[in-house]
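Trainee: I should like a close look at a single part of this structure, namely one residue and its surroundings. Could you then place that part within the whole chain?

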Amino acid sequence: MSDATKDQVIPDARIDDQEEPDHTTPTILSIEDMWVEYKTPHGWLQAVRGATLDIKRGEAVALIGESGSGKSTLGFAILRMLARGARIAKGKAIFTNSRGESYDLVTLPDKNFREFRWSECSMTFQAAQNSLNPVMRVKDTFWETAKAHGKRNHKEIDERTLDLLRKVQLDPRRVFDAYPHELSGGMRQRVSIALSLLLEPDLVILDEPTTALDILTQRAIIDVVKNLREQLDFTLIFISHDLSLAAELADRVATMYGGEIVEYAAVRDTFYRPRHPYTVGLLNAVPPIVGEEFTPLTAIPGSTPNLLDMPSGCPFHPRCPYHTDICIREDPPLMDVGGNHLTACHHHDKVTRDPEIWERMTAEEAVG
Ligand SMILES: Nc1ncnc2c1ncn2[C@@H]1O[C@H](COP(=O)(O)OP(=O)(O)OP(=O)(O)O)[C@@H](O)[C@H]1O
Ligand code: SF4
Ligand SMILES: [Mg+2]
């Protein structure tokens with residue numbers, strides 16, 4: 001864990017303190033059995049495999065998982081910004097706007113989708129600090145984005161730009177007229193975040209908002225995002241492989257493995273009583289997030305699956321110390337194991353945070 005995250009807080013949890021299902025807050029996005037594929041010389045690579053996820057209006061959801069688990073691909077699929085040669089092979093993404101109107105983002109006609117993108121849902125991309133147009137001043141990037149969405153009141157857009165730059169804790173007068181190369185990486189990242197909020201979207205996707213930034217800048221970006229959520233009322237999906245970031249920013253955490261969502265739970269449940277061995281593996285591989293005694297770190301044995309040649313049954317079984325025969329045969333569905341805690345594991349009731357079972361497996365592997 002970085003120094004930047006030492007003072008983070010996860011809501012405290014008693015072991016019997018289960019989350020009540022929330023039937024009153026409306027769902028803003030419901031992803032149902034989403035499959036996303038990339039065309040490769042070796043065939044279709046399924047990067048997202050049957051992802052299912054319900055996000056409530058106003059929530060912050062962290063999408064975590066190792067590199068290559070499909071986090072960015074899922075974000076791109078929601079905004080239909082997949083690379084050439086990629087396709088949504090199956091599934092729905094039902095978005096419900098603030099007026100209560102619902103539509104499937106997968107089948108929404110292009111014209112309507114152009115209106116939807118950025119005004120209802122926006123995304124800042126991985127390494128966003130490098131994605132601003134280098135030959136455009138910040139103010140012109142904001143203006144062009146607004147214009148592309150039918151906004152014509154230049155003065156109003158400039159005022160909103162200045163306000164947003166202030167909200168992301170930049171000196172608006174200095175940054176407004178600047179070119180991206182005149183700004184530091186952290187400043188460019190803040191500009192990207194401000195830009196994503198320009199059209200007041202209800203849903204914002206931040207893909208790895210702090211990667212490639214130094215520790216102090218990471219800390220500052222986290223604070224910016226927290227403040228923005230307090231001031232502006234948007235739903236947040238943030239993609240990260242940094243568990244400490246998830247602990248600090250999220251209400252709920254979705255863990256991805258091999259393109260599947262394997263666990264989805266309130267942040268305190270994810271950290272205090274995970275019900276999927278992969279989430280436990282991720283937790284054991286980083287220093288403790290809350291004030292626990294220091295325990296030695298344990299890496300997850302083995303490597304991430306080859307998406308062109310997935311293991312049978314549960315995709316995690318070759319690396320899982322709990323696996324039994326059923327795991328090799330059957331891929332478990334994502335199921336609610338109580339308290340709105342979803343997990344895709346045949347043996348979720350046996351899963352503990354005890355590192356010993358992992359250490360034994362690693363030692364057995366080393367012996368061969
Ligand atoms: N344009 C592409 N063509 C072919 N395969 C791709 C393409 N983009 C991503 N992939 C593959 O899809 C899988 C998921 O990639 P993705 O970028 O969604 O993962 P990620 O979880 O965001 O990883 P990271 O943490 O490294 O950003 C990976 O195996 C990756 O190699
Ligand atoms: S289903 Fe089996 S292999 Fe998969 S995570 Fe659970 S115990 Fe491990
Ligand atoms: Mg990514």
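**A close look at His323**

Mentor: Once its neighbours within four places in sequence are left aside, His323 is in contact with His317 and Ile328. Please bear in mind that the model is predicted. His323 is found in the loop between α10 (277-284) and α11 (325-329). His323 counts as partly exposed because there are 19 C-beta neighbours inside 10 Å, whereas a residue is called buried at 20 or more. A further reference point along the chain is Thr298, which is 25 residues apart from His323; the C-alpha atoms of the two are separated by 18 Å.

The surroundings of His323 include a ligand. The shell around ligand 2 has 13 residues, and those that come nearest are Cys314, Cys320, His323, Cys327 and Cys345. By class, this shell holds 8 nonpolar and 5 polar residues, with no charged residues.

The shell around ligand 1 may be set beside that of ligand 2. Ligand 1 has 16 residues around it, of which Tyr38, Ala47, Ser67, Ser72 and Thr73 come nearest. Two or more residues of this shell are given by each of β1 (27-40), β2 (43-56) and α1 (71-78). Among the contributing elements α1 gives the most, with 3 residues. The class division around ligand 1 is 5 nonpolar, 10 polar and 1 charged; around ligand 2, by contrast, there are no charged residues.

Helix α1 deserves a further word. It is mostly covered, with 8 of its 8 residues buried. The buried residues are Lys71, Ser72, Thr73, Leu74, Gly75, Phe76, Ala77 and Ile78. Two of these names, Ser72 and Thr73, also appear among the residues that come nearest to ligand 1. Just after α1, Arg80 takes a positive phi of about 50°.

Positive phi values recur elsewhere in the model. In strand β1 there is Asp33, a residue other than glycine whose phi is positive, near 45°. Asp33 counts as exposed because there are 11 C-beta neighbours inside 10 Å. Glu200, likewise a residue other than glycine, has a positive phi near 50°. The place of Glu200 is the loop between α6 and β7 (203-207). With 13 other C-beta atoms within 10 Å, Glu200 is partly exposed.

Helix α3 offers a contrast to α1. The buried residues of α3 (138-148) are Val138, Phe142 and Ala146. Viewed down the axis of α3, these buried residues fall within an arc of 70°, so they line one face of the helix. Glu144 and Ala148, on the other side of α3, are exposed. The cover over the buried residues of α3 includes α4 (154-167), α5 (172-176) and α6 (185-196). After α3 comes Gly150, with a positive phi near 80°.

The chain may now be considered in terms of its domains. The domain assignment gives domain 1 (26-120 + 202-368) and domain 2 (128-200). Their C-alpha centres lie 30 Å apart. The contact between the two takes 14 residues from domain 1 and 13 residues from domain 2. On the side of domain 1 that touches domain 2, β7 and α7 (215-231) each supply at least two residues. The largest share of that side, 6 residues, comes from α7. The residues on this side of domain 1 divide into 11 nonpolar and 3 polar, with no charged residues.

Finally, the frame that holds these parts may be described as a whole. The protein chain contains 12 helices and 12 strands. Of its 368 residues, 41% count as buried. Among contacts between residues at least 6 apart in sequence, 67% join residues at least 24 apart. Taken along the principal axes, the C-alpha atoms of the protein chain fill a box of roughly 65 × 45 × 45 Å. A compact globule of 368 residues would have a radius of gyration near 21 Å, and the protein chain, at 21 Å, agrees with this.

To return to the part you asked about: His323 is a partly exposed residue in the loop between α10 and α11, and it is one of the residues that come nearest to ligand 2.

Technical notes: Residues numbered from 1 in each chain as written. Chains lettered and ligands numbered in written order. Predicted model: local features only at pLDDT ≥ 70, side-chain atom pairs only at ≥ 80, totals over all residues. Buried ≥ 20, exposed ≤ 12 C-beta atoms within 10 Å, placed from the backbone. Helix = DSSP H or I, 4+ residues; strand = E, 2+ residues; numbered from the N terminus. Arc of directions from axis to C-beta. Contact = placed C-beta atoms within 7 Å. Near = placed C-beta within 6 Å. Nonpolar A, V, L, I, M, F, W, Y, C, P; charged D, E, K, R; others polar. Rg over C-alpha atoms; globule rule 2.2 N^0.38 Å. Domains from an automatic or database assignment.
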